[in-house]
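Reader: Hello! I am new to this structure and would love a close look at a single part of it.

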Amino acid sequence: MNVFEEIFVPINILKKTIKKIREFGDVSTEGFALWVASQHLNKYQVIDVWIPIQENTFISYYIPETEVHRINVELNKKRIVPIAQLHSHPRSAYHSCIDDDFSILHLPYSYSIVIPNYGDIEMSNIFDEFVVYQLIDNIWKERSKEQVKKVFKLLK
Ligand SMILES: [Zn+2]
């Protein structure tokens, strides 16, 4: 995997993602989702959102190892890329130490998106509401709003 120059996100997949995250929020738990993408040189298009089997509490989520394995097999079979993991927080969005340690993505330059308020957020400027991290030199580093806008393009 290389640096993601551009990631195109169809609005219907974005809406589906937020809907799922809000369903977890409705029962006051964090939720986890995975964006999978097809690749054309340095351009990626998100083609689906996957909601893995997961255990959730009001401040955490856990994806069982067997499920992580199943996901990896599926990705290989379909020749698609796990471009970003997303999860919600009850209130403010940031990458906690637990998020760092239990990320299911380990490929360099993967993205991890934290969604505040259990997904109860403004849809019109959604990439401003997200807090976006990227795995660089094995550290999840927060990306600026400008960097995020340069990389993530909404497809209407
Ligand atoms: Zn978290």
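Reader: Could we take helix α1? What should the 16 residues of α1 span at 1.5 Å a residue, and how far apart are its end C-alpha atoms?

Author: Happy to walk you through that helix and its surroundings. Please keep in mind that this is a predicted model. The mean pLDDT of the protein chain is 94, with 97% of its residues at 70 or more. Your helix is a good place to begin, since among the elements of the protein chain α1 has the highest mean pLDDT, 98. The lowest, 88, belongs to helix α3, residues 97-101.

Now to your question. At 1.5 Å a residue, the 16 residues of α1 should span 22 Å, and its end C-alpha atoms are indeed 22 Å apart, so the two values agree.

Next, look around the helix. I13, T17, I18, I21, F24 and G25 are the buried residues of α1. They lie on the same side of α1, because they cover an arc of only 135 degrees around the axis. On the other side of the helix you will find exposed residues: I11, N12, K19 and D26. Following α1 comes S28, which has a positive phi, near 55 degrees.

What does the buried side meet? The buried residues of α1 pack against β1, β2, β3, β4 (55-57), β6 and β7. In soluble globular proteins, nonpolar side chains tend to be buried together. Here the largest nonpolar core has 28 residues, and those that touch the most other members are I7, W35, A37, V46, I83 and I113. Two or more residues of this core come from each of β1 (6-10), α1 (11-26), β2 (32-40), β3, β6 (81-88), β7 (111-115) and β8 (131-136). The element that gives the most is β2, with six residues.

V46 offers a handy link back to your helix. Leaving aside residues up to four places away in sequence, V46 touches I7, F8, V9, P10, I13, W35, A37 and I83. One of these contacts, I13, is also among the buried residues of α1.

The strands beside the helix are worth a glance too. β2 and β6 run antiparallel and are joined by six bridges; the bridge partner of A37 in β6 is V81. β6 also pairs with β7, this time in the parallel sense, over five bridges. There, A84 has Y111 of β7 as its bridge partner. As for cover, eight of the eight residues of β6 are buried.

For a contrast, turn to helix α2, residues 65-78. Its 14 residues should span 20 Å at 1.5 Å a residue, and its end C-alpha atoms are 20 Å apart, so α2 agrees with expectation as well. Yet α2 is hardly covered, as the count of buried residues among its 14 is zero. Just after α2, R79 has a positive phi of about 55 degrees.

One last stop is W50, in strand β3 (residues 43-50). W50 counts as partly exposed because it has 16 C-beta neighbours inside 10 Å. Not counting residues up to four places away in sequence, W50 touches A33, L34, V36 and I71. Its C-alpha atom is separated by 21 Å from that of V151, which is 101 residues away along the chain.

To return to your helix: α1 has its buried residues on the same side, and that set packs against strands including β2 and β6.

Methods:
Residues are numbered from 1 along each chain as its sequence is written. This is a predicted model: local features need pLDDT of at least 70, side-chain atom pairs count only at pLDDT 80 or more; totals for chains, interfaces and linings use all residues. Helices (H or I, at least four residues) and strands (E, at least two) are DSSP runs, numbered from the N terminus. A residue is buried if 20 or more other C-beta atoms lie within 10 Å of its own, exposed if 12 or fewer, and partly exposed in between; C-beta atoms are placed from the backbone. Two residues are in contact if their C-beta atoms, placed from the backbone, lie within 7 Å. A nonpolar core is a set of buried Ala, Val, Leu, Ile, Met, Phe, Trp, Tyr and Cys residues joined through C-beta atoms within 7 Å. pLDDT is the predictor's confidence in each residue, from 0 to 100. Two strands pair if DSSP finds at least two bridges between them. The expected span of a helix is 1.5 Å times one less than its number of residues. The arc is that of the directions from the helix axis to the C-beta atoms.
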